[in-house]
Amino acid sequence: MDITANKADTAVVPARQTDWKSSVIYLVFIGIFIFFSITLHDKGFLEAGNLMNIARQTAMISIMAVGMTFVLSAAEIDLSFGAIVALSAVTAAMLMPYGIGWAVLGALLAGSLCGLINGLFVAKVGIPSFLVTLGMAGIITGVTRWITALQSIPVENETFVFVFGSGDIGPVSVLFIWMVLIAVLGHVLLRRTAFGKEVLASGGNKIAAMYSGINVNRIKLYVLVLNAALAALAGILYAGRLQSARYTLGENDLMMVVAAVIIGGTSLFGGKGTVMGSIIGALIMGMVNNGLVLMGLNVDQQMIFRGLIIIFAVTLTMGNLRKKKR
């Protein structure tokens, strides 16, 4: 009886340690929020308008982070989503004269098609996702530059602009509502469905997943299509918020998205992912950017700071991986 009890107690300890580690991101979020609240109190950091502005600026990054969470959890990577953002935004703007429905549908299909091509090359041909998506990023960017002739395309449909970017429902931004909706759906999909469990199993141990009956190649295809579709949605929201579309949209989002996902607790090596952690990671990046702006730092200094955050986060991830191997 004593031996059994001791084993049970021992089994509980790792679980408690895991729960504590998974809660660190929330403690970091609270700590940064308190820090900026105190140091930037006289500069309006705590004003409702500024806090909603952080959420508004973070919305597209958060939505892309949800898709990247699935990709990294399956031990893959997608470097083309920034280019998909621009292509989808431009597609929506070019189809706007035919109606909002066609514009949104066309943009989503264009992005999803790019993800399907990525997935087929990875799952069927067997080319590493890093190489496939790197090449696709160049192709998509070239196509977007070509069809726009390097010009911005205005978006003047007021209904589209309200629903997909610039609207507010009371004090709440429409972009914040989109972010919450995608976050909830992503969390449920990853944690409460068989598909989510298969994604984590495929990324954690490919061989074991295959022996358990999971079609790993199919999972790779699905997560790359899902990520591209969410990138396309982000492009639509960019077009609505900026009331225009340009080939440069999304080109600087790779660093922000990857940082948000890794900081949120998703492993670069697969098998572990948390959508809510990625959302908190995105909000941390947005809050840091906002705080640095209020402090008077320029864009170059902000980029340096974000780079340091990514290096620190990757270091922590690799450290946790080494501990698991031991």
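# Exercises on a predicted helical model

Ala260 has its place in helix H12; helices (H or I, at least four residues) and strands (E, at least two) are DSSP runs, numbered from the N terminus. The model is predicted, so local features need pLDDT of at least 70 and side-chain atom pairs count only at pLDDT 80 or more, while totals for chains, interfaces and linings use all residues. Residues are numbered from 1 along each chain as its sequence is written, and side-chain values use heavy atoms, with hydrogens and water left out.

## Exercise 1

Determine whether Ala260 is buried or exposed, and state how far it lies from Met285 in sequence and in space.

Solution. Step one applies the accessibility classes: buried means under 20% relative accessible area, exposed over 50%, and partly exposed in between (1.4 Å probe, protein chains only). Ala260 is buried, because its relative accessible area is 0%. Step two takes the C-alpha atoms: Ala260 and Met285 stand 6.7 Å apart in space, with their positions 25 residues apart in sequence.

## Exercise 2

Describe the second largest pocket by its volume, its lining and the chemical classes of the lining residues.

Solution. The search uses a 1 Å grid over the protein atoms alone: a cavity is a set of points where a 1.4 Å probe fits but cannot get out, whereas a pocket is an open set with protein on both sides within 12 Å along at least five of seven lines. Lining residues have an atom within 4 Å of a point. Grid points are joined across faces, edges and corners, and a volume is the space filled by probe spheres set on the points.

- Volume: the second largest pocket holds about 780 Å³ of space.
- Lining: 24 residues line the second largest pocket, and Tyr238, Asn252, Asp253, Met256 and Asn289 lie nearest its centre.
- Elements: two or more lining residues come from each of helix H3 (48-73), helix H11 (216-242), helix H12 (253-263), helix H13 (275-295) and helix H14 (299-325).
- Largest share: H13 gives the most, with 5 residues.
- Classes: the lining has 11 nonpolar, 9 polar and 4 charged residues. Here Ala, Val, Leu, Ile, Met, Phe, Trp, Tyr, Cys and Pro count as nonpolar, Asp, Glu, Lys and Arg as charged, and the others, Gly among them, as polar.

## Exercise 3

Compare the end-to-end distances of H8 and H11 with the expected spans, and describe the burial of each helix.

Solution. The expected span of a helix is 1.5 Å times one less than its number of residues. Helix H8 (residues 174-192) has 19 residues and reaches 26 Å from its first C-alpha to its last, close to the expected 27 Å. For H11, the 27 residues should span 39 Å, and its end C-alpha atoms are 39 Å apart, which agrees.

Burial comes next. In H8 the buried residues are Val174, Leu175, Trp178, Met179, Ile182, Ala183, Gly186 and Leu190. An α-helix has 3.6 residues a turn, so residues three or four places apart point the same way. In H11, 19 of the 27 residues are buried, so this helix is largely enclosed by the rest of the structure.

The ends complete the solution. Ser173 caps the N-terminal end of H8, with a side-chain oxygen 3.2 Å from the backbone nitrogen of Leu175. Just after H11, Gln243 takes a positive phi of about 60°.

## Exercise 4

Classify the ring pair of Phe70 and Phe195, and locate its two members.

Solution. Rings of Phe, Tyr and Trp (its six-membered ring) pair if their centres lie within 6.5 Å; planes under 30 degrees apart count as stacked, over 60 as edge-to-face and the rest as tilted. This rule yields 7 aromatic pairs. The centres of the Phe70 and Phe195 rings are 6.3 Å apart and their planes are at 20°, so the pair is stacked. The pair links distant parts of the chain, with Phe70 in helix H3 and Phe195 in helix H9 (residues 194-204), 125 residues apart. Phe70 is buried at a relative accessible area of 1%, and Phe195 counts as buried at 18%.

## Exercise 5

Identify the backbone oxygens that the side chain of Thr133 contacts.

Solution. A polar contact is a pair of N or O atoms within 3.5 Å; within protein, one must be able to donate a hydrogen and the other to accept it, and residues adjacent in sequence count only if both atoms are side-chain atoms. Thr133 belongs to helix H6 and is buried, with a relative accessible area of 0%. Its side chain reaches the backbone oxygen of Ser129 at 2.6 Å. A polar atom of the Thr133 side chain also lies 3.5 Å from the backbone oxygen of Phe130.
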